[in-house]
Amino acid sequence: VEQNGHFLTRCQIVMSGGVPLLNLTEHAGTGTSGWTDGLVHDGTARLYFPGILAVTGNGRVAFVAKKGHYLLRKVAGMWRKDYTSRFISTIELAGEANYMSIHPKYSNDDDLYMYISMRSPLARIVLYRSAAGGSFFTVTTSPANIGGVVATGDGRLLFGSGGSWQEYREGSSDHLPPYDGATVCAPCYVATRTASASLTEQVGNGTTTAVGLSGATLPSSITEVSVDYATGFLYGTCDGTHRVYKFDLPAWAAGTAVTTTVLAGSGGFGSTNAQGLSATFRNPNGVAHAKTSELDGLFVCDSANFLVRYIDLATVAVSTAAGVALSSGVTDGLGTVARFHGPRGGVHAMDLMAVGSNTVEHVVYVADYHSDTVRRGGLVVTGGVPELDVTTVVGVATVAGDADGLVSAGATLRAPNTIATT
């Protein structure tokens, strides 16, 4: 932010002979101070001495404010190089903004957590949640000489007070309280693949709790799990029963068993696309929850079918996102053109953007076990039906090895079984 210039400036890093230089462009503001909302490209929207800045993790939205003022400005459309859809709006605060920090784990503009320290009229830290039109919650009040605030990825909230740093941590005696049914520092859930399937919960301070399962039909083992952070439900695959399960964590309490239901799969093996229990899978081994403006569902690595399947959470309808049943290979392409050879451990990565491109896309990564590769599926939705445009991003097809180095120079993998991304 350029406070006296009334601009939000974009600084692109350009390397020149090994030296980083900044290529500056005016991203929002007219150079004239003001509080006018509206489009950036026609000169309507203005900023007023912006002094503090926070940007969402995907780079799509920025928040700016003048220190000591009661108005927060939201700049949307940040990822576009052109100005045509960039828009500034105003959010009223119940105090004077001092510093801001967006939680790195909850930084998508659809539902972000942003902490704002205020000195007046009451010294406190508030949490702003963007979901459902935006809400504010008080985290802590009356710290002396409150200053900067930083939300960390490991579940801590640090803030300056009285010349020193203070800390709140989820899961400890001075924990960050959950807000509106959502936990600020999400627990980690570990599936156990044993004769008696179970889960283990680990919260931010390292405390582990065994989570038993209850229900009419239970998995024999849990191969992979994925959590829907918006609802709190956990989903898992079981290659022994050929099913996908739903675990009702929001209703679970320590010392009790979590209610477990079959989300999809008849229990027999096959590749039938149908609804819920009428669909069939063959040794599913990986699941990734994905929520976009166009869909809300699960991508399932249907390993022995050589498919990636999709389950719509609203209708529980199962479809094929990529691959052809029982046809193995390492062919890249869209939908049924693509081929897999034992896909496992899917993970959904939000809002990836290629350098120099205005295109934002959702991507699913899978470990393709028998081809010794990692595959990337760019999400393509046509008529409400999701497909994956598959490419091979790591490894040399069917060449097992442990060679490090550049992917383009032939770095190799050996039977990758699971995958995680930042």
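## Strand β9 and its surroundings

Both faces of β9 are covered: Y113, Y115 and S117 are buried on one side, and M114, I116 and M118 are buried on the other. In a regular strand, side chains alternate between the two faces of the sheet. Strand β9 spans residues 113-118, and six of its six residues are buried. This is a predicted model.

**Partners of β9**

Strand β9 has a partner in β8 and another in β10. The table sets out both pairings.

| Partner of β9 | Residues | Direction | Bridges | Residue paired with M114 |
|---|---|---|---|---|
| β8 | 97-102 | antiparallel | five | I102 |
| β10 | 124-129 | antiparallel | six | Y128 |

M114 stands opposite I102 in β8. In β10, its bridge partner is Y128. Strands β9 and β10 also form a hairpin, with five residues between them.

**A loop residue: T292**

T292 sits in the loop between β22 (284-291) and β23 (296-302). Is T292 buried or exposed? T292 counts as buried because its relative accessible area is 13%, and buried means under 20%. Its side chain reaches the backbone nitrogen of E294 at 3.0 Å. Beyond its neighbours within four places in sequence, T292 is in contact with H362 and L379.

**The whole chain**

The protein chain has 30 strands and zero helices. Of its 422 residues, 45% are buried. The chain exposes about 18600 Å². Carbon and sulfur atoms supply 52% of that area. Take the contacts with a separation of 6 or more: residues 24 or more positions apart account for 42% of them.

Key:
Residues are numbered from 1 along each chain as its sequence is written. This is a predicted model: local features need pLDDT of at least 70, side-chain atom pairs count only at pLDDT 80 or more; totals for chains, interfaces and linings use all residues. Side-chain values use heavy atoms; hydrogens and water are left out. Helices (H or I, at least four residues) and strands (E, at least two) are DSSP runs, numbered from the N terminus. Buried means under 20% relative accessible area, exposed over 50%, partly exposed in between (1.4 Å probe, protein chains only). Contact means heavy atoms within 4.5 Å. Accessible areas come from the Shrake-Rupley method with a 1.4 Å probe; for residues, only the protein chains shown count as cover. A polar contact is a pair of N or O atoms within 3.5 Å; within protein, one must be able to donate a hydrogen and the other to accept it, and residues adjacent in sequence count only if both atoms are side-chain atoms. Two strands pair if DSSP finds at least two bridges between them.
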